[in-house]
Amino acid sequence: MCFTYNDFKKILNIGIGLTTEKNQNRLLTAILENAMEITNCDASTLYLYENNCLNFKIMKTLSMGVSRGTDGEFIDDMPPVPMDEQNICSYAAIHREIVNVPDVDNSGRFDFSGPKRYDALTGYHTRSQLVIPLENNENELIGVLQLINAMDLDGTVIPFDEQYDIIIRSLGSMAAIELTNLLHMEEMKAQLYSFVEALTMALDERTPYNASHTEHVEKYAGLLADHISKMYEEGKSTEFFDQDRKEKLQLAALLHDIGKITIPRGVMNRATRLDRDICMVDMRFELLKSLYETDMLRGRISQKEYERLQEELDSELAFIHKIDGAPFLNDENYEHVCRLARKYHQKEDGTVTKYLTEQEAEHLSIRRGTLSLEERKEMENHVVMTDKILHKVRFNKNYRIIMKWASSHHEFLDGSGYPRHLTEESLDLETRILTVADIYDALTATDRPYKKPVPKEKALDILRSMAEEGKIDRQLVEWLAEALESQEE
């Protein structure tokens, strides 16, 4: 046979297509299907060389409607082929030679008992074979491509034309090189993920109160990405998340709080306003009781005054314990703390023991949450540190953008967020997704001792209110609600 210009053009286009494919399984399927099309054969098997064996990866037989492994599933009922020269595929792999057998029935060169047993089980008849080793540019064996039963235009089985040898080998070499590149990319990606997991684990070990937060933000971000892609398919969104874009979003989610690794434990793990300092207050109030008792015994105060002061101390300490873990501090309680901060005991020698230290009074006066203004600024600085830490990592150009997404998850559309006060025009969709996911989990989290979890619907209403204020993306809030609803069905 003689190849025409169009044949060569087609082969070149196939080669170009192979170099642009970024999915390993689709690449392997393309190798097999293109080789079958070029040689007009009925069946084929693609093996990958692993653990000194040839492992079945993809099998196709057009006449019998067989197609296995094309979607990535394992062909676990076909045992690996050992590297034995009696096997045609193993021979081609060992010697890196193309093997062309015109008629299996009349060939004594190899042991075809295995294929014949398979034919007996399936009713198929293997006649001609063309076996090509797949090598990369480093002369490493990647696998073997086995083509079976070439056909003429009438569908009659014929031998494989020898002119196919060099064409299929060239195709196989291109494919093997691209497969090697993909494997290297997968190794790099696995290395990146392991690094991210290590950093995340280090962060989670430092705080018992939100160890699942990172995991949840990743989950909600992925859920939103999938829902947006669904909306795209329904014509309701102009955005779409392929696997690569979704993976980058989830990596950004895993890294979004990594800057917290630099925050002091006393700030990051402050469960209540006083946290462990409540013990010091308890001890001081016991001391105050003793001091007033001494005053009574020395006649400085009366028995009645002593009893009144004892009751007052018990009442004030109960009040301190009550507001210490309260999520909010109203005006009445704030004034109460201010009065309490002014109280003290003074001994005869002038030694003063205040009911509360200045720092304790400051923390008890916190209106919302458990952190003082200074501590809150220190906590907010974690996004700056996230950016600094990630800029020390050498991300390749495909992943470099995740630094921006991860360090901007506290920015708001109206510019009121932090740390750079970015506005809507500067915030990518991925950043907006992380912001919504982060707030939703913070509201619904069940592992925060300083606050009760907010029910899902109330959390969504809070997000909607923030959207109305122009802080977050309203459409993302509604899509999150839809995605959560679909997940529960």
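Where does Ile263 lie? The legends below start there and then visit other spots in this predicted model.

**View 1. Ile263 sits in a loop between two helices.** Ile263 belongs to the loop between α7 (243–255) and α8 (265–268). With a relative accessibility of 2%, this isoleucine counts as buried. Setting aside residues up to four places away in sequence, Ile263 touches Arg206, Met268, Glu378, Met379 and His382. For a sense of scale, take Gly114: Ile263 and Gly114 are 149 residues apart in sequence, and their C-alpha atoms are 64 Å apart in space.

**View 2. Helices α9 and α10 pack against each other.** Here we look at α9 (residues 278–297) together with helix α10, which covers residues 303–324. Their axes lie 9 Å apart and meet at an angle of about 175 degrees. An angle over 145 degrees counts as roughly antiparallel, and α9 and α10 are therefore roughly antiparallel to each other. On the α9 side, the contact is made by Ile278, Val281, Asp282, Phe285, Leu288, Lys289, Tyr292, Glu293 and Met296. On the α10 side, the residues taking part include Tyr306, Leu309, Leu313, Leu317 and Ile320, along with Gln310, Asp314 and His321. Sorted by character, the residues of this contact divide into 11 nonpolar, three polar and six charged.

**View 3. Phe285 of α9 meets Tyr355 edge-to-face.** What angle separates the planes of Phe285 and Tyr355? The planes of this aromatic pair are at 65 degrees, with 5.7 Å from centre to centre, and the pair is edge-to-face. Phe285 lies in helix α9, whereas Tyr355 is in the loop between β10 (352–354) and α12 (358–364), so the pair ties together parts that are 70 residues apart in sequence. Phe285 counts as buried at 1% relative accessibility, and Tyr355 is likewise buried, at 1%. Phe285 is also one of the α9 residues in the contact with α10.

**View 4. Glu360 of helix α12 is a buried acidic residue.** Buried or exposed: which word suits Glu360? At 5% relative accessibility, Glu360 counts as buried. Its place is in helix α12. Leaving aside neighbours within four places in sequence, Glu360 contacts Leu274, Asp277, Met280, Val281, Arg284 and Tyr355. Tyr355 will be familiar from the previous view, as the partner of Phe285 in an aromatic pair.

**View 5. Tyr47 and Phe56 form a tilted ring pair.** The structure holds six aromatic pairs. In this one, the ring centres of Tyr47 and Phe56 are 4.8 Å apart and the planes are at 55 degrees, so the pair is tilted. Tyr47 is buried, with a relative accessible area of 5%, and Phe56 counts as buried at 15%. Elsewhere, ring pairs link Tyr91, Phe110 and Phe112 into a cluster.

**View 6. Leu429 joins a group that includes an arginine over a ring.** Leu429 is in helix α16 (residues 429–444) and is buried, with a relative accessible area of 17%. Not counting residues up to four places away in sequence, Leu429 touches Ile228, Glu239, Phe241, Arg245 and Leu476. Glu239 is 190 residues away along the chain, yet the C-alpha atoms of Leu429 and Glu239 are separated by 8.9 Å. Two other contacts of Leu429 also meet each other: the charged end of Arg245 sits over the ring of Phe241, 4.1 Å from its centre.

**View 7. Arg367 lies over the face of Tyr334.** The arginine is 4.4 Å from the ring centre of Tyr334.

**View 8. Some backbone details deserve a look.** Which peptide bond is cis, with omega near 10 degrees? This is the bond from Tyr418 to Pro419, and Pro419 lies in the loop between α15 (401–406) and α16. Asn40, although not a glycine, has a positive phi of about 50 degrees. Asn40 is found in the loop between α2 (24–39) and β1 (41–50) and is partly exposed, with a relative accessible area of 32%. Asp275 is not a glycine either, and has a positive phi of about 50 degrees. The loop that holds Asp275 runs between α8 and α9.

Technical notes:
Residues are numbered from 1 along each chain as its sequence is written. This is a predicted model: local features need pLDDT of at least 70, side-chain atom pairs count only at pLDDT 80 or more; totals for chains, interfaces and linings use all residues. Side-chain values use heavy atoms; hydrogens and water are left out. Rings of Phe, Tyr and Trp (its six-membered ring) pair if their centres lie within 6.5 Å; planes under 30 degrees apart count as stacked, over 60 as edge-to-face and the rest as tilted. Buried means under 20% relative accessible area, exposed over 50%, partly exposed in between (1.4 Å probe, protein chains only). Helices (H or I, at least four residues) and strands (E, at least two) are DSSP runs, numbered from the N terminus. A charge sits over a ring if NZ of Lys or CZ of Arg is within 6 Å of the ring centre and within 35 degrees of the ring normal. Axes are lines fitted to C-alpha atoms, for helices over the stretch in contact, and angles run from 0 to 180 degrees between N-to-C directions. Angles under 35 degrees count as roughly parallel, over 145 as roughly antiparallel, 65 to 115 as roughly perpendicular and the rest as oblique. Contact means heavy atoms within 4.5 Å. Ala, Val, Leu, Ile, Met, Phe, Trp, Tyr, Cys and Pro count as nonpolar, Asp, Glu, Lys and Arg as charged, and the others, Gly among them, as polar.
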